[in-house]
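Please open the structure in a viewer and keep the selection tool at hand. The stops below are meant to be followed in order.

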Amino acid sequence: MNAAGIDVSKGKSMVAVRRPFNETVAKPFEVRHTGSELKQLADYLKSLDGETRVVMEHTGRYYEQIAQYLHDAGLYVSAVNPKLILRHVKTDKADAKKIAGYALDRWAELRQHTPMDTIRYQLKMLNRQCGLYTKTKTMMKNNLIALLDQTYPGVNTLFDSPVREDGTQKWVDFAASFWHVDCVRGMSQTAFVQRYAKWCRQHRYQARAGRAEEIYEHSKDLIAVLPKSAMTQLLVRQAIDALNAVSATLERLKAEMLKLASQLPEFPVVMAMRGVGGTLGPQLMAEIGNVTRFAHRGAITSFAGVDPGANQSGTHEAKSVRTSKSGPPELRKALFLVMDCLIQTKPQDDPVYQFMDKKRAEGKPYLVYMTAGANKFLRIYYGRVKEYLATLEGDSASDSEEHT
């Protein structure tokens, strides 16, 4: 048997091929990530006598290109967690030889790499873009609030309406029309009430009785730092335009994520779980991927980085150990948002909320019971989705037998 260890980096990889008893088939050599050189590598590996398996580390996104190519070429490819391959010398050649040695030691335990299907890959990319635009939106929102605090303090707290599908929000639309406190108190109360009612109709908002009078009375006691001038209006309008543009893009990405996620087989199971909605559900499916790649429930919690650590030696055993946090932070963020939703909605019949509420009643710190809840949620997620997928496979097999 031949173990080909590949140390992957951007644009090129270092390859070493070894056999049992420390026999070197090929000393470490460099391969660029081009079609011609990857083809030469695939042809060489397939020409070797005996079974050949290719092992590489799944770090970043660089490995996906070469893993996909070699898999399509008919080779056995396995991508392993780099933490499983411990090494002291850090050079590309040493890494390639170490990976090949790991492949020989774990030959029977290697799990074959299957490239992520197109939908899951696109979903993950969309989720990462959503994360980027969410951070940008937060920055734009804070910038607008800082400006408005100098022209119309507290205007962002006047309305709590959710963001619309086009990315607009009521308080932002209000600030676009009434960007300075003098835009309100500079007219009579009757005139403002009429103007506010007209504004609500134009922007398709509901005008609650007495709301205009409350806004007018509130504006009388406010202090504006910046004057009501063309320059001030320009600054506010530009900040609003930038926020609306980012918000609209973010909502389009979320809608596309939901559309893609609905094509995955586990969609109905995930969306039926408490605390999961049209935004968090696709995020979870994007970051977790296909649950069948995890051998057991502990593997998925370890992947997410919410597994309890261990610190034991002799008679000493630590009672409280930090979690590994080794997985994607985007997944842990989505999990914590789900836990936060459960804490706020308090579904008494939900096992995850019951578990967190019990830990909270025991006096556990916030991060402890939130992390414990995320761990339990992932275990339930794994069990329900895997059982559902197995049912689908069974139904598909039954249908094929009936046709034959």
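The tour goes from a strand and its partners to the nonpolar cores of this predicted model.

**First stop: strand β4.** Select residues 52-57, which form β4. Six of the six residues are buried, so the strand is largely enclosed by the rest of the structure. Burial applies to both faces: Thr52, Val54 and Met56 lie on one side, with Arg53, Val55 and Glu57 on the other.

**Second stop: the partners of β4.** Add strand β1, residues 2-9, which pairs with β4 in the parallel sense over five bridges. Within this pairing, isoleucine 6 has methionine 56 as its bridge partner in β4. Next, add strand β5, residues 76-80, which runs parallel to β4 and is joined to it by five bridges. Here valine 54 has valine 77 of β5 as its bridge partner. Finally, show helix α2, residues 62-72; together with β4 and β5, helix α2 makes a right-handed β-α-β unit.

**Third stop: the largest nonpolar core.** In soluble globular proteins, nonpolar side chains tend to be buried together. The largest such core in this model has 44 residues, and Leu284, Ile288, Met339, Phe377 and Tyr381 have the most contacts inside it. Helices that each supply at least two residues of this core include α4 (118-148), α9 (230-261) and α13 (329-345). The helix giving the most is α15, with 10 residues.

**Fourth stop: tyrosine 381.** Which residues should be selected around tyrosine 381, leaving aside its neighbours within four places in sequence? Its contacts are Val270, Met273, Leu284, Met285, Ile288, Val291 and Ile300.

**Last stop: another core.** Apart from the largest core lies another of 31 residues, among them Trp171, Val172, Phe174 and Cys200.

How values were computed:
Residues numbered from 1 in each chain as written. Predicted model: local features only at pLDDT ≥ 70, side-chain atom pairs only at ≥ 80, totals over all residues. Heavy atoms only, no water. Buried < 20%, exposed > 50% of the residue type's maximum accessible area, 1.4 Å probe, protein only. Helix = DSSP H or I, 4+ residues; strand = E, 2+ residues; numbered from the N terminus. Pairing = 2+ DSSP bridges. Right-handed = clockwise from strand over helix to strand, strands pointing away. Core = buried A, V, L, I, M, F, W, Y, C linked by side-chain atoms within 4.5 Å. Contact = heavy atoms within 4.5 Å.
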